[in-house]
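Q: Hi! Could you walk me through this one while I have it open on my screen?
A: Sure, happy to. Ask away.

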Amino acid sequence: MGLLFATCSTGGKPALFERVDEEYSGLHFNNLITAGDSLNALNFPNIYHGAGVGIGDFNGDGLPDVFMAGNMVSSRLYLNQGSFRFTDITSPAKVETTKWVNGVSVVDINQDGRKDIYLSCIGANILFINKGPDASGIPVFEDQAAAYGLNNTAYSMQAAFFDYDLDGDLDMYLLNNGLASAKTNYLVRPRLLKGESETTDRLYRSDGDKTQPCFTDVTIAAGLGAEGFGLGVAVSDLNHDGYPDLYISNDYISNDLLLINNRNGTFSDRNNQWITQTSLNGMGVDIADVNNDGWTDIVQLDMLPLENQRRKMMLGKPNYALFSSQRKLNYQAQFVKNSLQLNKGVGPDGELFFSECAEMAGIAATDWSWAPLLADFDNDGFRDLYISNGYRRNITDLDFIVNDFKSNNKFGTAAFRKSTYKVQLEQLPEIKIRDNIFRNNAGEFFEDKTNGWGFDSTSFSTGAAYADLDNDGDLDLVVNAIDAPAIVYRNTLNNNAAGEEKSHFLSVHLEGDSLNKQGIGAVLTVFIADKKIRQEQYPVRGYLSSVDEKLVIGIGNHRMVDSCRIRWPDGRTELRSLLAADSVYTFRYDQSTLPAIEADVIRVPLFTDITANTGVIYQHQEADFSDFDINSLIPYKTSQNGPCYAVGDIDGDSLEDVFIGGNTVSSAHILFQQPDGKFRMTDLGEAGSHEDLAALLFDADNDHDLDLYIVRGSTEFGKGAVALQDSFFLNDGSGHLEPANNRIPAETSNGGTVAAADYDGDGDLDLFVGGKSTPGAYPLADSSMLLENQSGYFRRAVASGLPSHMGIINAAGWADLDGDGDADLVTAAEFGQVTVHLNQRGHFTLPTGNGLAAITGWWKSLGIADIDNDGDIDIIAGNLGLNSHFRASSDKPLTLYEADLDGNGNTESVIGFYLPDQDGRYRLYPDVPRDQLIAQVPLIRKRYERYSGYADATLDDIFDGYRGTVEKLAITDLRSLIFINDGKGNFRMTPLPVAAQSAPIFKVLTTDINKDGFIDLMVGGNDRSWEVRYGFTTGMNGMVLLGDGKGNFQSLSERESGLFERGDMRAIAMVQGSGKRRYFIVGINRGCLKVFE
């Protein structure tokens, strides 16, 4: 039989991976699960969680061997004979197992130069000590777990060996799960944090001598007592302090753990403080630097399908009340999707910052996933992502849970119910799907290469590990599968590539000191041109598995490496220069030296947080109002707004002051700037009756002082509520603001933005007030108003030419965009356009063909400035960004249908976007799950009695047969964009840099930040108001983008800008201080006001 049966990508180019036939390889392993009445997917939820793979050179011949863990079958050990042929030596090696084995850790635990095997089991764990070869050269093992103190009898999943206390020897973190019912872990109860749970992980410190270490349980002493249903553990020095940290991926509602090493033998869990959201059903985890910025990032898997039918059969009605209750008990925000935590480095306060960017990276939805492995499979210098997938019986099938299992097991005798139960188990559908592999596109996003790289077969894959099995310089894969043969994938990169197309590599072997011969914890950094590739030596990765200890580093088309530096765990280093590609190098601890103290080299940040020096102590507060109780179909809480700021010299002392809007739980305030740079805060009163959504300081009555207009809104008050009435205050000239609502119209519209200009050329400032959505009727918009200033009194302008229906206006501004000398109006609408309303001597017209109308978005904000220094005004438009649940393009728009489906007088809106069906064809499906739609439109239950019927329904099917008018809105682009003005009012579109697409941009500040004469941007975003099924959009910690004067912008990292803020940024204001000082004030929803200089 031939060696391989290959799959080919499109165009006839050979696939990167070829599957090795098991008859050729000799790796005959099948993790067969035999389910029955007493043990099945319903009474043992973990029955199909699979087992791991361990790779190591067990006989010292230079070829990686393979250990396959078994659940209900014996584990097996295969010696690598070369050329992808393996010999089963399980019996002579004495490594048969009769226990339920989960995880495999390969480690030289006694430092004798031979690889040992630690198995995490249900029941007492196993430690196979490698005793060396027998007369036939076969390594022989002996279980000595008890002698080493590692025969833990908990429900163990995986062990990670690392030197947490830097005393030179290897300690061990043991990841635990539990036999308790999964449902008990979704109850709203206080977290168990003191070691009282059977699922608490364990930390073992290595004591004794190196040849026979004895491990001591120091879990509680190290501060590790939290519960968790652990499925993944990964080790990395996340904060660059030289000590290893841990990330623990926990299933169900139990929090993940971000365990930061305190460098004193203890750890602190900083997950809730440093990470904004995680995966709910946390599976495997891996840590590596995905964008080559020198900081290791975290990938965690969940079980969100990409395909529509699978989503609709799994996802039920979201429960905001439950989510809110869990958050109050300090549970992390967790959502059903994969997570990518991009490590942004250490901020000025010593805390790490992460940005969750799985959606933008294109890896959020890969179905029921287990093992993530970050490795450079194409040797281009960037780590790609392999994901194992599948589940033997789909216990999340809603038709089975709701319609079949529960209804059929209520009646009859026990014997009848038991027999029915067995039949139903056998009828449970399978989730037999392809594994996924994604190519890293230069650290910006991942490209799905599942088809093109040869992963076109389906399986129930679980544990997986990579290694260069044939020592040819590329990484191969070994995958453990349930009820099917294990899979070996051969990487053909170095067989197919030739000449200049070849991607080169370095292979590196580490020889540590006598206490840590594998060099676990060492950090290898390769410097090549402008690239820095960082790789840590921690073999336990992904899911229940250990990869080979030999490091393979892809270097693309480079034939020489500038330098390569190894840093051993104790800080000793060695630097080698000009290393030739495609070679094997060995780094030895005894050739290293102690260097000078190493520090990260970065530029001095542009901004410094000076809040503590300004005397400002202010935290925005907001009532937790659930809009979803009124309308379950809205995508986000339209009541979660603020704070709003307005800037101007209120008291006439030539120093700018700041107005801060109030709401139902907090009064409005004014920060009066003092000559010494401090601010004096005064209370404007009126808390408890309204919410301020926008404010403007301007001279309304031409008396040379600044008056105040406040836009009030929020859906929590209801349509037409008195609390929606805007407010106006006249300045008495000394900074005292007197209410003057008699000067503005009595309008109870839900507003959201205000901007001033003398649109009619009569010498005073008029106002445009943009309306947001009608309370309780999203996406219907409340009216916007053009208010004409009549000697300090404002009246709605008539016959202005502005459209009567402008949509949900989230931002507005004035500027002369066509160069005719009068102020034109720019508006940004949700599910609409950025629109320029050209002012023709006080009358507005809508131009056609100006490059704006064809692009619709979920617009959030506007910046208006001449960014290319050509003398005309350009537009920066903040959009939803690319890091959300939603997708949109011109050919596959994000679409919203609205109509009164049930005839009750209320409009229902259903969002849909294009998802693949079971055949891979993209169709426009409703995004909302069946139960969520039924909660708003009960008649849907009769129309779609089963989830499977609803899963096939397109958005048009849902509205088919409705006799009234169906309004349709569409979004073609979710990117934040720049519109470059050609000087004649026509615009050319270009997107903001990729980093700026990581969150919705709610505020854009345009100014010359670095004083080079060019307009720069400070933008703020993030949004935690989404319906809980979507997750947060929190990929941005505030951002500075430097302009080049030609319309281009470069995004700065947080460490370069000095702008670190995890919260939902809703306000940015520049305040002119005394002299040339400028303060940048940032407002965070439910967060503290920050002042940067």
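Q: How much area does the chain expose?
A: About 38,400 Å², and carbon and sulfur atoms supply 49% of it. Keep in mind that this is a predicted model.

Q: And what percentage of the residues count as buried?
A: Of the 1093 residues of the chain, 63% count as buried.

Q: What about charges, how far apart are the mean positions of the positive and negative ones?
A: They are 5 Å apart, taken over 91 positive and 151 negative charges.

Q: Changing topic: how many helices and strands does the chain have?
A: The secondary structure comes to 16 helices and 73 strands. The radius of gyration is 31 Å, close to the 31 Å that the globule rule gives for 1093 residues, so the chain is as compact as a globular protein of that length.

Q: What box do the C-alpha atoms fill?
A: Roughly 105 × 75 × 60 Å, taken along the principal axes.

Q: Let's zoom in on β17. Is it buried or exposed?
A: Strand β17 covers residues 257-261, and 5 of its 5 residues are buried.

Q: Which way do its residues point?
A: L257, L259 and N261 point one way, while L258 and I260 point the other way; all are buried. In a regular strand, side chains alternate between the two faces of the sheet.

Q: Which strand comes before it in the pairing, and how do the two run?
A: Strand β16 (residues 245-251) is joined to β17 by 3 bridges, and the two run antiparallel. One residue pair to look at is I248, which stands opposite L257 in β17. β16 and β17 form a hairpin with 5 residues between them, and Y252 in that turn has a positive phi of about 60°.

Q: What about β17 and β18, how many bridges there?
A: There are 3 bridges, with β17 and strand β18 (residues 267-269) pairing in the antiparallel sense. L259 has D269 in β18 as its bridge partner. These two strands form a hairpin with 5 residues between them, and R263 in the turn has a positive phi of about 65°.

Q: One more spot: what does β13 pair with?
A: Strand β13 (residues 202-208) pairs with strand β12 (residues 171-176) in the antiparallel sense over 3 bridges, and L174 stands opposite R202 in β13. β13 is also joined to strand β14 (residues 213-217) by 5 bridges, again antiparallel. There, G208 has P213 as its bridge partner in β14, and β13 and β14 form a hairpin with 4 residues between them.

How values were computed: Residues numbered from 1 in each chain as written. Predicted model: local features only at pLDDT ≥ 70, side-chain atom pairs only at ≥ 80, totals over all residues. Heavy atoms only, no water. Buried < 20%, exposed > 50% of the residue type's maximum accessible area, 1.4 Å probe, protein only. Pairing = 2+ DSSP bridges. Rg over C-alpha atoms; globule rule 2.2 N^0.38 Å. Areas by Shrake-Rupley, 256 points an atom, 1.4 Å probe, with all protein chains shown as cover. Lys, Arg positive; Asp, Glu negative; His and termini not counted. Charge placed at Lys NZ, Arg CZ, Asp CG, Glu CD.
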